[in-house]
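These are my notebook entries on one model, written in the order in which I looked things up. I began with the backbone and ended with the charged pairs.

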Amino acid sequence: MTKTVLGEPRKYNPYSPYLVPLSQAEPHIRSGDLGSFRGRRFHSLAIMVGTFGLASHSSMLYRRPNDGCLRVLHTLEGRGAVDDDLADTVRQCPGTLDVFAPDRLHFPEFDARRACAYMLEQIRRKRPYGIRGIWRLLLMRAVFIRWLWLTVPQGYDYDDESNGERHPFCSHLVAAACKRGGVDPVPNKADHFVTPNDLTWTALYGPGYRFTLVPDDANYSLESVGAAVRPPPMIAIPSAA
């Protein structure tokens with residue numbers, strides 16, 4: 001069996017992530033990579049259960065051209081669209097940040113610079129976090145509410161091009177950025193209905209899992225950081241190449 005080299009794609013198993021210290025991973029992280037989080041706080045678990053997935057938050061990673069500093073571009077409740085230092089984020093969330101690179105072989109048209117430029121523009125505009133959007137997304141999982149939404153005229157806005165100026169939540173913002181970069185990560189689904197789990201298993205990012213980040217200043221193992229929380233029985237893990 002051929003050994004996978006650090007930085008090359010590998011099969012993604014959230015129950016047994018490939019833990020790599022940030023200093024070793026840094027050379028292999030590029031602008032436009034997806035940073036997918038598996039949080040363990042109550043609101044993160046609520047998102048994971050409510051969206052039938054194992055990811056609770058999405059971000060786009062960015063290497064600042066002037067100094068090479070790695071940043072996390074995302075939107076957070078209470079803060080809106082922000083630009084955070086990757087090292088600080090990894091220290092706060094050890095072993096829960098999975099890195100996926102876009103599949104540039106099958107999507108050569110993807111322009112990471114344009115995607116990151118869109119994210120940075122939302123940060124400059126101080127776009128608020130779309131709390132109403134995330135609640136809408138979670139409520140749509142309830143059978144009765146979903147039926148009601150589908151039967152009320154114009155209640156369910158499924159048009160892939162109708163995102164307008166809605167305040168974005170995390171995966172909504174990343175999906176919109178990918179489209180600005182030339183690739184719709186979840187075709188035929190409006191950006192404001194894209195979940196963190198959707199992005200994790202897209203054709204654009206799904207085959208490109210690289211590693212899961214841990215800090216350099218301590219020894220970490222699956223036992224110390226914990227693997228993914230086991231989902232309810234109805235949640236299945238898609239197969240990844």
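**Loops and phi angles**

I looked up Asn188 first and found it in the loop between helix 7 and helix 8, where helices (H or I, at least four residues) and strands (E, at least two) are DSSP runs numbered from the N terminus. The model is a predicted one, in which local features need pLDDT of at least 70 and side-chain atom pairs count only at pLDDT 80 or more, while totals for chains, interfaces and linings use all residues. Residues are numbered from 1 along each chain as its sequence is written, and side-chain values use heavy atoms, with hydrogens and water left out.

Asn188 is not a glycine, yet I read a positive phi of about 65° for this residue. I noted the background that most residues other than glycine have a negative phi. With a relative accessibility of 74%, Asn188 counts as exposed; the classes I use are buried for under 20% relative accessible area, exposed for over 50% and partly exposed in between, with a 1.4 Å probe and protein chains only.

Lys126, also not a glycine, has a positive phi of about 55° and sits in the loop between helix 4 and helix 5 (131-139). Its relative accessible area of 68% makes Lys126 exposed. Gly182, just after helix 7, takes a positive phi of about 105°.

**The sheet**

In which order do the seven strands of the open sheet lie? I traced them as 1-7-6-2-3-4-5, with mixed pairing, two strands being paired if DSSP finds at least two bridges between them. Strand 1 (19-21) and strand 5 (80-85) are the edge strands, each pairing on one side only. From one strand to the next the twist averages 35°; axes are lines fitted to C-alpha atoms, for helices over the stretch in contact, and angles run from 0 to 180 degrees between N-to-C directions.

I then followed strand 2 and its partners. Strand 2 runs antiparallel to strand 3 (residues 57-63), to which four bridges join it, and Leu34 has Met60 of strand 3 as its bridge partner. Towards strand 6 the pairing is likewise antiparallel, over four bridges, and here Ser36 stands opposite Asp98. Both faces of strand 2 are covered, with Leu34 and Ser36 buried on one side and Gly35 and Phe37 buried on the other. Strand 3 in turn pairs with strand 4 in the antiparallel sense, again over four bridges, and Arg63 is matched there with Leu70 of strand 4.

**Helices 4 and 7**

Helix 7 lies across strand 2, strand 3 and strand 4, and I note an angle of about 45° to strand 3. Of its 11 residues, 10 are buried, among them Cys170, His172 and Lys179. These buried residues of helix 7 pack against strand 2, strand 3, strand 4 (70-76), helix 4 and helix 8 (196-200), contact meaning heavy atoms within 4.5 Å.

How do helix 4 and helix 7 pack? Helix 4 (residues 112-124) meets helix 7 (residues 170-180) at an angle of about 135°, with the axes 7 Å apart. The contact involves Arg114, Ala115, Tyr118, Met119 and Gln122 of helix 4, and Leu173, Val174, Ala176, Ala177 and Arg180 of helix 7.

**Salt bridges**

How many salt bridges are there? I count 10, taking a salt bridge as a side-chain nitrogen of Lys or Arg within 4 Å of a carboxyl oxygen of Asp or Glu. Asp98 and Arg38 form one of them, their closest N and O atoms being 2.7 Å apart. Asp98 lies in strand 6 (residues 97-100) and Arg38 in the loop between strand 2 (34-37) and helix 2 (42-50), so this pair ties together parts 60 residues apart in sequence. Asp98 is buried at 0% relative accessibility, and Arg38 is buried at 3%.

In the pair of Asp84 with Arg79 the closest N and O atoms are 2.9 Å apart; Asp84 is buried at 15%, whereas Arg79 is partly exposed at 47%. Lys189 bridges to Asp198 with closest N and O atoms 2.7 Å apart, and Lys189 is partly exposed at 23%. My last entry is the network of salt bridges that links Arg71, Asp83 and Asp85.
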